[in-house]
Amino acid sequence: MEDVKLPLTAHLEELRSRLIRSLVALAGAFVVTYQFVEPLMRWLTEPVKRLDVGQVQIIGTGLTEAFFTKLKVAFIAAIFLASPAILYQIWKFVAPGLYDNEKRYVKPFVFFGTLFFVSGAYFCYRFVFPTAFGFFIREYSSVSIEPFLRVSEYLSFVSRMLLAFGVVFELPVFTFFLARTGIVDHRMMIGAWRYALVGIFIVAAVLTPGPDVASQMLMATPLVVLYSASIGVAYAFGRPRPQGGAPRSAD
């Protein structure tokens, strides 16, 4: 099949279409998650409330703080709920550049992409939050200060951390599909490990909500593990890019 190069305007139009569909899915998910925002907020405050370091008070200090915090929490939850639709739109955007035999991976991409996205958030909630919150709250005790946490700052922190861990846990998924299509292989990833390590700490600094080193290390450590696991994924599942079957152009 002949490979037809599309003009830049066609790619931009396709990108605009996929973005609009993703935003529509996100808006629909937001309507749903906002109905459950109160239990979501209670769930998000559980990790700090059940710490065995004394009582921690979560307070509000502004008239509109609770309302806008609820909007933010519902929006972050909507990203998780709409993630299958968003991942599908990402796949459809890149699909015209794939070979015909590669396009059949759309369902596994959406399924495992969603699974790892949610798994990253669960890992953060189950393992990172207890360690991080225990460390930070004990710092208050060390200077004899009773912790009072603003609800907006606390929920912004935990929501963004959940989202960030969900994103970084996608690394093995994207590596699998890049390796299956022959774009990367394990030798390439091993050879680039120095650059990857620098990139990991840059990503950790960008994705973590605060500038503190502890938060960045909590993000960077799983990223290093995930990159190592991705090398194994590329070794186990990678194969050379097929020679036949030219990519189909978009309409």
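Before you click anything, here is a word you'll need: a residue counts as buried when its relative accessible area is under 20%, as exposed when that area is over 50%, and as partly exposed in between (1.4 Å probe, protein chains only). Keep in mind that this is a predicted model, so local features are taken only where pLDDT is at least 70 and side-chain atom pairs only at pLDDT 80 or more, while totals for chains, interfaces and linings use all residues. Residues are numbered from 1 along each chain as its sequence is written, and side-chain values use heavy atoms, with hydrogens and water left out.

**Stop 1: the whole chain**

Start with a cartoon view. You should find 10 helices and 2 strands; these are DSSP runs numbered from the N terminus, with helices (H or I) of at least four residues and strands (E) of at least two. Walking from the N terminus, the order is α-α-β-α-α-α-β-α-α-α-α-α. Of the 251 residues in the chain, 38% count as buried.

Now switch on the surface. The accessible surface comes to about 14,400 Å², and 68% of it belongs to carbon and sulfur atoms; the areas come from the Shrake-Rupley method with a 1.4 Å probe, and for residues only the protein chains shown count as cover.

**Stop 2: salt bridges**

How many salt bridges does a search of the whole structure find? There are 5, each one a side-chain nitrogen of Lys or Arg within 4 Å of a carboxyl oxygen of Asp or Glu.

Select Arg16 and Glu13. They form a salt bridge whose closest N and O atoms are 2.8 Å apart. Both sit in helix H1 (residues 8-34), 3 residues apart, so about one helical turn separates them. Arg16 is partly exposed at 46% relative accessible area, and Glu13 is partly exposed too, at 41%.

Next, pick Glu38 and Lys70, a salt bridge with its closest N and O atoms 3.1 Å apart. This pair links distant parts of the chain: Glu38 is in helix H2 (residues 37-49) and Lys70 in helix H3 (residues 65-81), 32 residues apart. Glu38 is partly exposed, with 37% relative accessibility.

Then go to Arg150 and Glu65, whose side chains meet in a salt bridge at 3.3 Å, N to O. Here strand E2 (residues 148-150) supplies Arg150 and helix H3 supplies Glu65, 85 residues apart. Is Glu65 buried or exposed? Glu65 is buried, at 7% relative accessibility, whereas Arg150 is partly exposed at 33%. Add Glu153 to your selection: salt bridges that share partners join Glu65, Arg150 and Glu153 into one network.

**Stop 3: the nonpolar cores**

In soluble globular proteins, nonpolar side chains tend to be buried together. To look for that here, we use nonpolar cores: sets of buried Ala, Val, Leu, Ile, Met, Phe, Trp, Tyr and Cys residues joined through side-chain atoms within 4.5 Å.

The largest core has 49 residues, and those with the most contacts inside it are Val48, Phe129, Phe133, Leu155, Val158 and Leu162. The elements giving two or more residues to this core include H1, H2, H3, helix H5 (106-142) and helix H6 (151-168). H6 gives the most, with 10 residues.

Zoom in on Phe129. Leaving aside neighbours within four places in sequence, Phe129 is in contact with Pro47, Cys124, Gly134, Val158, Met161 and Leu162, where contact means heavy atoms within 4.5 Å.

**Stop 4: aromatic rings**

Colour the Phe, Tyr and Trp residues. A search of the whole structure finds 14 aromatic pairs. Rings (for Trp, the six-membered one) pair if their centres lie within 6.5 Å; planes under 30 degrees apart count as stacked, over 60 as edge-to-face and the rest as tilted.

Select Trp43 and Tyr125: this pair is stacked, at 4.1 Å centre to centre with 10° between the planes. Trp43 lies in helix H2 and Tyr125 in helix H5, so the pair ties together parts that are 82 residues apart in sequence. Trp43 is partly exposed at 40%, but Tyr125 is buried at 8% relative accessibility.

Phe133 and Tyr154 make a tilted pair, 5.6 Å centre to centre and 50° between the planes. Phe133 belongs to helix H5 and Tyr154 to helix H6, 21 residues apart, and both residues are buried.

For your last view, select Trp43, Tyr125, Phe129, Phe133, Tyr154 and Phe157 together: they form one aromatic cluster.
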